[in-house]
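Subject: Handover of a protein structure

Dear colleague,

Please find below the structure that I am handing over to you. My findings follow it, and I would ask you to read them with the structure open.

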Amino acid sequence: MESTISANKTVTKKIKLDFKDSKYATGRRKKSIARVWIKKGSGKIYVNGKEMNQYFKRPVHQLLVTRPLEETKVINQFDIKCHVKGGGLSGQAGAVIHGLSRALVQADSSLKKTLKKNKFTTRDSRKVERKKYGHRKARRSFQFSKR
């Protein structure tokens, strides 16, 4: 997958995947947006052209992404391709979970009850609160002096 160029530079080639006749869904979390395609396969997960373990290096994020598959017991039945943009890695992992669970419901509607019970299909609407004028941060004010 990696080709080496002189002067110790490595270039990664994007993996081309055939995802015709697949199910598509969009997931969102904070500022992140994930586009997710799933199809019947062997359980491989690709995020932005890389394998999931290479993109999400922290084990916590890897566990989060695979949770909807583990809860519905379909971990080795689908191949998954995701394109994620915006936000940080935690927000992106949350967006992938949301999109993946929505795509699983499209693929097999009997999984909806399990996914809804574990709150995977629900959009987490929490976002960063905006900064207000006359304040240091969103809620933090400047120090008040009586005298």
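K30 has a relative accessible area of 43%, so K30 counts as partly exposed, because that class lies between the cut-offs of 20% for buried and 50% for exposed. Please bear in mind that this is a predicted model. K30 lies in the loop between strand 3 and strand 4. Although K30 is not a glycine, its phi is positive, at about 55°. The hairpin that strand 3 and strand 4 make has 2 residues between the strands.

A second residue may be set beside K30. K73, which is not a glycine, has a positive phi of about 60°. K73 is found in the loop between helix 2 (59-71) and strand 7. The relative accessible area of K73 is 68%, and K73 is therefore exposed.

The strands on either side of K30 deserve a closer look. Strand 3 (residues 23-29) and strand 4 (residues 32-40) are paired in the antiparallel sense, with 7 bridges. Within this pairing, R28 stands opposite I33 of strand 4. Strand 4 also pairs with strand 7, again in the antiparallel sense, over 8 bridges. There, V36 has C82 of strand 7 as its bridge partner.

Strand 7 (residues 78-85) has a further partner. Strand 5 (residues 45-47) runs parallel to strand 7, and 3 bridges join the two. One of the pairs is I45 with I80 in strand 7. How many of the residues of strand 7 are buried? The number is 6 of 8, and the strand is thus mostly covered. For the protein as a whole, 33% of the 147 residues count as buried.

As for the overall plan, the protein has 4 helices and 7 strands. Along the sequence, their order is β-β-β-β-β-β-α-α-β-α-α.

I turn now to the charged side chains. A patch of positive charge on the surface is formed by R28, K31, R102, R123 and K127. Of these, R102 belongs to helix 3 (residues 89-107). R102 is partly exposed, because its relative accessibility is 36%.

The whole structure holds 4 salt bridges. In one of them, the side chains of D124 and R29 meet at 3.4 Å, N to O. This pair links distant parts of the chain, since D124 is in the segment after helix 4 (112-117) and R29 is in strand 3, 95 residues apart. Is R29 buried or exposed? R29 is buried, because its relative accessible area is 16%, whereas D124, at 24%, counts as partly exposed. R29 and D124 also belong, together with R126, to a network of salt bridges.

E129 takes part in salt bridges with two residues, K132 and R139. With K132, the N to O distance is 2.5 Å. With R139, the closest N and O atoms are 3.0 Å apart. R139 and E129 both lie in the segment after helix 4, 10 residues apart. These residues are covered to various degrees: K132 is partly exposed at 24%, E129 is partly exposed at 37%, and R139 is exposed at 67%.

With kind regards

Definitions and conventions. Residues numbered from 1 in each chain as written. Predicted model: local features only at pLDDT ≥ 70, side-chain atom pairs only at ≥ 80, totals over all residues. Heavy atoms only, no water. Pairing = 2+ DSSP bridges. Patch = residues over 30% accessible without salt bridge, like charges linked within 9 Å, V, L, I, M, F, W, Y side chains within 5 Å. Areas by Shrake-Rupley, 256 points an atom, 1.4 Å probe, with all protein chains shown as cover. Lys, Arg positive; Asp, Glu negative; His and termini not counted. Charge placed at Lys NZ, Arg CZ, Asp CG, Glu CD. Buried < 20%, exposed > 50% of the residue type's maximum accessible area, 1.4 Å probe, protein only.
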